[in-house]
Every structure is written in structure tokens, then in C-alpha cells.
Amino acid sequence: MSGKVVIVGGVAGGASCAARLRRLDESAEIVMLEKGPYISFANCGLPYHIGGAIDKREKLLLQTPASFKARFNVDVRVNSEVTAIDRAAKTVTVAADGRTYTEGYGTLVLSTGSSPIVPKLPGADDPRVMQLWTIPDMDAIIKAIGETQAQRAVVVGGGFIGLEMVENLKHAGLAVTL
């Protein structure tokens, strides 16, 4: 590998890729662009913070841009959304802090992750319908429970996170339907 590597996306895939690239090439210039405010967090712990089993939000944050830079010498830019790719020019267009700029690359890695599926059902756009995918999602759920003094919840999805949400919402005192 030679030249500059730009990684689009952080969290599990992008951060793991950046760390591995650094181990393979100590001299590579590596830039990681993450659309959200966090590059590495324990997403499986989100329900446990909602339910109070993990008391401090900071325990969910595994790496910060500064700690990742210190450990792996990677230029990490959060709140930086890639809005276009020009493969011929080998550049990406980045929107960050109210401005747009281009960033060149020699190698481009796309590690954008996924998004939750919100069913197209009547009422799915109600502000009380929330998903749990990120730390801001978790913060919004905690805020909504506190502000509305919610007594009950419905969890749609019986995967690991859904079942953990049921357990932790019950622990928080809510009646829960899965």
C-alpha cells in the first residue's frame, strides 16, 4: 500500500480497517471520515445504558478521534459526511462544519455500515417511534422516557438488541411488549 488512504465511515468497520492498515504500513497517510459524532462505541451496550445497568454514558465510548490519532496516527474527522465521489479525479466531497471541501485519495475504502429498517406502516413516522442504532438514538430514547414519564413500550424486532431492549426497558420500570 502506498499513498493516501481515505476511509469513509468509522465505528466498527472503518476503525478496524484503519487500525489494520496502520499495522500493515506505518508510513501510510490514513484519513477516516465519519458522518456521525462518534468513531467507536459499544453498540451492544446501548440498551444497558438505557436500562441503567451501565451507569455512565462514557463507558460506551471506546475511542475518540484524539485517542485514535495518538494510538494509530490516523487523521479522524467526525461530523464529516462524504456527499460525492469522483473516481476519475480520485477525490471525495466532504460536508463538515457548514462547509464543503474535497479530499484526495490514492485508495478509497467505503465502510459506511448500515441503517435500521423502519417499516412503512401507518404511524411509523410518529415522533414516539424511535430506533436504537447510535449513541444519539440512545440519548433520544432516554430523553423521551424521562420527558414523557413513559409507562410502557413496544419493541419491534426480536434480535439481540431488541431482546436486550426489552430486558432493559423492563429494568427501567416500563411494561414492554415485544
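The dialogue below goes through several features of a predicted model, one at a time.

Me: What should I know about the numbering and the kind of model before I begin?

Reply: Residues are numbered from 1 along each chain as its sequence is written, and side-chain values use heavy atoms, with hydrogens and water left out. The model is predicted, and local features need pLDDT of at least 70, side-chain atom pairs count only at pLDDT 80 or more, while totals for chains, interfaces and linings use all residues.

Me: How are strands said to pair, and what is the strand order of the open sheet with parallel pairing?

Reply: Helices (H or I, at least four residues) and strands (E, at least two) are DSSP runs numbered from the N terminus, and two strands pair if DSSP finds at least two bridges between them. Here an open sheet of 4 strands follows the order 5-2-1-9, with parallel pairing, and its edge strands, each pairing on one side only, are strand 5 (75-77) and strand 9 (107-110). Within this sheet, strand 1 and strand 2 are joined in the parallel sense over 5 bridges, and Ile7 has Met32 in strand 2 as its bridge partner.

Me: Which strands make up the open sheet with antiparallel pairing?

Reply: That sheet has 3 strands in the order 6-7-8, with strand 6 and strand 8 at the edges, each pairing on one side only. Strand 7 and strand 8 (residues 99-104) run antiparallel and are joined by 6 bridges; Thr91 stands opposite Gly104 in strand 8, and Thr93 has Thr102 as its bridge partner in that strand.

Me: How do I read which face of helix 1 is buried, and what covers its buried residues?

Reply: Buried means under 20% relative accessible area, exposed means over 50%, and partly exposed lies in between (1.4 Å probe, protein chains only). In helix 1 (residues 11-24), the buried residues are Gly14, Ala15, Ala18, Ala19, Leu21 and Arg22. Seen down the helix axis, these buried residues fall within an arc of 160 degrees (taken from the directions from the axis to the C-beta atoms), so they line one face of helix 1. On the other side of helix 1, Ala12, Arg23 and Leu24 are exposed. With contact taken as heavy atoms within 4.5 Å, the cover over the buried residues includes strand 1 (4-8), strand 2 (29-33) and helix 3 (65-72).

Me: Is Glu103 buried or exposed, and what does it touch?

Reply: Glu103 lies in strand 8 and counts as buried, at 9% relative accessibility. A polar contact is a pair of N or O atoms within 3.5 Å; within protein, one must be able to donate a hydrogen and the other to accept it, and residues adjacent in sequence count only if both atoms are side-chain atoms. Such a contact, of 2.3 Å, joins the side chains of Glu103 and Lys4. Leaving out residues up to four places away in sequence, Glu103 touches several residues, among them Lys4, Val6, Val31, Arg77 and Lys90.

Me: Where are Lys90 and Gln149, and what is the phi of each?

Reply: Lys90, in the loop between strand 6 (80-86) and strand 7 (91-96), has a positive phi of about 55 degrees although it is not a glycine, and is partly exposed at a relative accessible area of 37%. Gln149, in the loop between helix 4 (135-148) and strand 10 (152-154), is likewise not a glycine and has a positive phi of about 50 degrees; at 59% relative accessibility, Gln149 counts as exposed.

Methods
Expected span 1.5 Å × (residues − 1).
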